[in-house]
Amino acid sequence: MTEVAIAQPGGPEVLQPRQVPLPVPRAGEVLVKVAAAGVNRPDVLQRRGLYPMPPGVNPTPGLEGAGTVVALGDGVGDGVAAFQIGDAVCGLTEGGGYAEYCVVPVTQLLPQPAGLSAAQAAALPETFFTVWANLFQTGRARAGETLLVHGGTSGIGSTALMLAREFGLKAISTDGGPDKGEWAQRFGAELSIDHRSGDFLPQVMAWSGGRGVDIVLDIMGASHFERNLGALTRDGRLLLIGFMGGVQVEGFNLMPILLKRLVVTGSTLRARTAPEKAAIAQGLREHVWPVLSAGRCVPHVCQTFPLDQAAEAHRLMEGRGHVGKIVLTV
């Protein structure tokens with residue numbers, strides 16, 4: 001089969017198609033004939049050599065994909081998460097999504113929602129697993145609360161805004177200009193703040209009537225840290241899921257955390273254990289998959305590229321001009 005591998009750490013040009021043997025599913029795994037694979041920022045970091053692989057993870061990029069089940073490992077034909085040959089599925093991989101075939105742990109596999117294309121289904125797992133785990137499991141988001149999302153038109157941001165609206169939260173976002181702001185409002189933001197025009201904190205406080213928000217979902221890290229604390233109300237939660245604005249915060253004041261009883265937490269999806277990922281998948285199957293099959297919260301696919309043009313897909317992502325998800329088609 002063809003896969004797109006990272007020849008060496010570097011720019012998009014290091015993504016090179018190559019021929020490799022067809023993978024064989026082990027116990028608890030399913031072999032999927034890939035129809036489409038999502039492109040995510042961790043893929044870019046991995047390509048640059050900035051996202052170390054945990055032991056045993058397939059070094060071929062690609063954290064999610066959609067396609068058809070073509071082979072079953074031992075022990076995957078029974079139980080709640082049973083799948084059969086020919087089923088249309090999408091799933092969170094352990095690497096290897098940039099390929100014609102990919103093995104996926106059965107506990108991280110979900111049915112392709114009714115009415116969605118393969119490209120739309122491939123755009124689901126990485127962002128929906130991430131948002132569900134952080135916002136609704138760790139962050140305990142509930143109807144009536146308020147949410148600030150940084151980067152509301154990214155894959156993560158758009159997913160967070162759509163799910164927040166679906167489950168009764170009021171959300172706002174920071175975005176790169178009025179065009180992206182319009183998209184953020186389509187996804188569910190009540191207010192889009194242009195992060196290029198100045199400090200977002202005063203606008204957050206004005207929107208919330210001086211109260212602050214209950215939750216901040218942040219992909220920026222250090223550059224936004226102190227203002228995120230300032231934007232939170234009492235018992236607020238700061239959920240860190242990225243560090244596009246750096247990892248070192250120098251000389252910040254701890255007092256707001258104590259005075260407002262704030263919770264600051266963070267996570268990466270790849271480092272979670274298999275049982276943790278299985279629990280996220282089960283939560284999505286129960287609460288979110290019926291919503292998707294009803295035609296709501298469907299991911300916006302900005303652009304698709306053939307598998308052998310993965311380098312072009314990475315260039316688009318690094319240019320930061322896209323909205324929603326970028327997908328490779330096979």
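**Exercise 1.** Which residue just after α1 takes a positive phi?

*Solution.* G49 does, with a phi of about 85 degrees. Helices here are DSSP runs of H or I, at least four residues, and strands are runs of E, at least two, both numbered from the N terminus. The model is predicted: local features need pLDDT of at least 70, side-chain atom pairs count only at pLDDT 80 or more, and totals for chains, interfaces and linings use all residues. Residues are numbered from 1 along each chain as its sequence is written, and side-chain values use heavy atoms, without hydrogens and water.

**Exercise 2.** List the buried residues of α1 and name elements that cover them.

*Solution.* Start with the helix: α1 spans residues 41-48. Buried means under 20% relative accessible area; exposed is over 50%, and partly exposed lies in between (1.4 Å probe, protein chains only). P42, D43, V44, Q46 and R47 are the buried residues. Then look for contacts, meaning heavy atoms within 4.5 Å. The cover includes β1 (2-6), β2 (15-19), β3 (29-39), α3 and α11 (310-319).

**Exercise 3.** Classify the aromatic pair of F136 and F167, then place both residues.

*Solution.* Rings of Phe, Tyr and Trp (its six-membered ring) pair if their centres lie within 6.5 Å; planes under 30 degrees apart are stacked, over 60 edge-to-face, the rest tilted. The structure holds five such pairs. F136 and F167 sit 5.5 Å apart, centre to centre, with 65 degrees between the planes: edge-to-face. F136 belongs to α3 (residues 125-138), while F167 lies in the loop between α4 (155-166) and β9 (170-175), 31 residues apart. F136 is buried because its relative accessibility is 13%. F167, at 26%, is partly exposed. W132 joins F136 and F167 in one aromatic cluster.
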